[in-house]
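Welcome! Here is a short guided look at a protein model, written for someone meeting it for the first time. Please keep the picture at hand as you read.

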Amino acid sequence: MATSPVAIGTMQMATIPKPGADFQIVEREIPKPGSREVRIQVKACGICHSDVLTKDGAWPGIQYPRVPGHEVAGIVDELGAGVSEWKPGQRVGVGWHGGHDGTCLSCRRGDFRNCENLKIPGISYDGGYQQYMVAPAEALVAVPDTLSDVEAAPLLCAGITTFNSLRHSGALPGDLVAVQGIGGLGHLGIQFASKFGYRVAAVGRGSETGDLAKKLGANIYIDSTASNAAKALQKLGGARVILATAPSSKAMSELIDGLGPNGKLLVVGADFSPIEETPLQLITGSRTIQGWATGSPADEEDTLRFAELSGVRPMIETYPLEKAAEAYTRMLSGKAQFRVVLTM
Ligand SMILES: [Zn+2]
Ligand SMILES: [Zn+2]
């Protein structure tokens, strides 16, 4: 793979000038990577619902203007001082885990995901809605050749979130696992759950997504607008895990009674309102509610390799970088099938 000869010059970026403002397409100088940093020529960047945090200023401490984007796939373009583990021309990605300090107590325990100084692309520094991006070397992941840039990008947040949460959920092959929500996260969750050997029940709204859910690997489809989904899950024996992907705390609360003995509601979709349950709902059957946030760069590589092995792929709609505002609106509408990806 050839490296870009363009080392100095300008590039386009889609930036948010201040919280709540519209995207601006601006021209900027291509940044130089600092010590232990890598400059990436971005090829594709997925639009995640969490980009709302940058767009609307919902994450504390963001400095504006800021370029969102934490589902990045591209090519190593230039290495900063002290980087020997990556090579110019190598295909790489960056996900939600945008860097760690390596020195805090969590890092010293090897728990990089919970680093006290975790960096997030598009929040802590400019992310992937631009032609070139600089990221800390430890945040990069290698992208297998069989995955295209637009396929790899969404796997680095939506993909890893479902893959990594499910593989640590305690569910075993043959267990009933429900996936609530058939969207950006859910359509990948169904595929991973199926490839893990679970008995997969997809829980969606309306009858029209049933066929698609089954094509993605669901064994059972439950239309929560036509029946009580929790009761339907109980009829199937109760779910060992419910992977809650649609950002609706109300929908999640309504599903808790669908958990079987030792069942777990695994929350990955982020709503700002509380999930409601009574202590008795948890005590009966020793149920738990657990949140899950993505994973380390090594987990991201595991996700990509598993996708390569198993054939799990995101369904995407692509937009050019100049149409970032339109693409973002499409993501917010909830009508995209299923992940919106910017191409550079
Ligand atoms: Zn994300
Ligand atoms: Zn740390």
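The paragraphs below visit the metal sites, then a helix, and finally a cavity.

Please bear in mind that this is a predicted model.

**The zinc ion (ligand 2)**

Let us begin with the zinc ion (ligand 2), whose protein donors are Asp-101 (OD), Cys-104 (SG), Cys-107 (SG) and Cys-115 (SG). These donors lie 2.0 to 2.3 Å from the ion. What is the geometry of this site, given the angles among its four donor atoms? It is tetrahedral, with angles of 97 to 119 degrees. For comparison, the ideal angle for four tetrahedral donors is 109.5 degrees. Along the sequence, the donor residues of this zinc ion follow the pattern D-x2-C-x2-C-x7-C.

**The zinc ion (ligand 1)**

Now turn to the zinc ion (ligand 1), where the protein donors are Cys-48 (SG), His-70 (NE2) and Cys-157 (SG), at 2.0 to 2.2 Å. Their spacing along the chain is C-x21-H-x86-C. Cys-48 sits in the loop between β3 (37-47) and α1 (52-55), while His-70 sits in the loop between α1 and β4 (72-79), so this pair ties together parts that are 22 residues apart in sequence.

**How accessible are some of the donors?**

The table gives the relative accessible area for donors taken from both sites.

| Donor residue | Relative accessible area | Class |
|---|---|---|
| Asp-101 | 28% | partly exposed |
| Cys-104 | 7% | buried |
| Cys-48 | 7% | buried |
| His-70 | 2% | buried |

Asp-101 counts as partly exposed because its 28% relative accessibility falls between the limits of 20% for buried and 50% for exposed. His-70, with 2%, is buried because its value is under the 20% limit.

**Helix α3**

Next, follow helix α3, which covers residues 149-167. Where does helix α3 bend? The bend is at Leu-156 and amounts to about 55 degrees. Of the 19 residues of α3, 15 are buried, so the helix is largely enclosed by the rest of the structure.

**A cavity inside**

How many cavities of 30 Å³ or more does the structure hold? There is one, and the volume of the largest cavity is about 30 Å³. Its lining includes Ser-50, Asp-51, Thr-54, Trp-96 and Ile-120. His-70, a donor to the zinc ion (ligand 1), is also one of the lining residues. By type, the lining divides into five nonpolar residues, five polar ones and one charged.

Conventions:
Residues numbered from 1 in each chain as written. Chains lettered and ligands numbered in written order. Predicted model: local features only at pLDDT ≥ 70, side-chain atom pairs only at ≥ 80, totals over all residues. Heavy atoms only, no water. 1 Å grid on protein atoms, 1.4 Å probe; cavity = no way out; pocket = protein on both sides within 12 Å on 5 of 7 lines; lining within 4 Å. Points joined across faces, edges and corners; volume = space filled by probe spheres on them. Nonpolar A, V, L, I, M, F, W, Y, C, P; charged D, E, K, R; others polar. Donors = N, O, S within 2.8 Å, 3.2 Å for Na, K, Ca; no water. Tetrahedral: all angles 85-135°; square planar, octahedral: opposite > 155°, others 65-115°. Buried < 20%, exposed > 50% of the residue type's maximum accessible area, 1.4 Å probe, protein only. Helix = DSSP H or I, 4+ residues; strand = E, 2+ residues; numbered from the N terminus. Bend = angle between axes of the 7 residues up to and from the residue.
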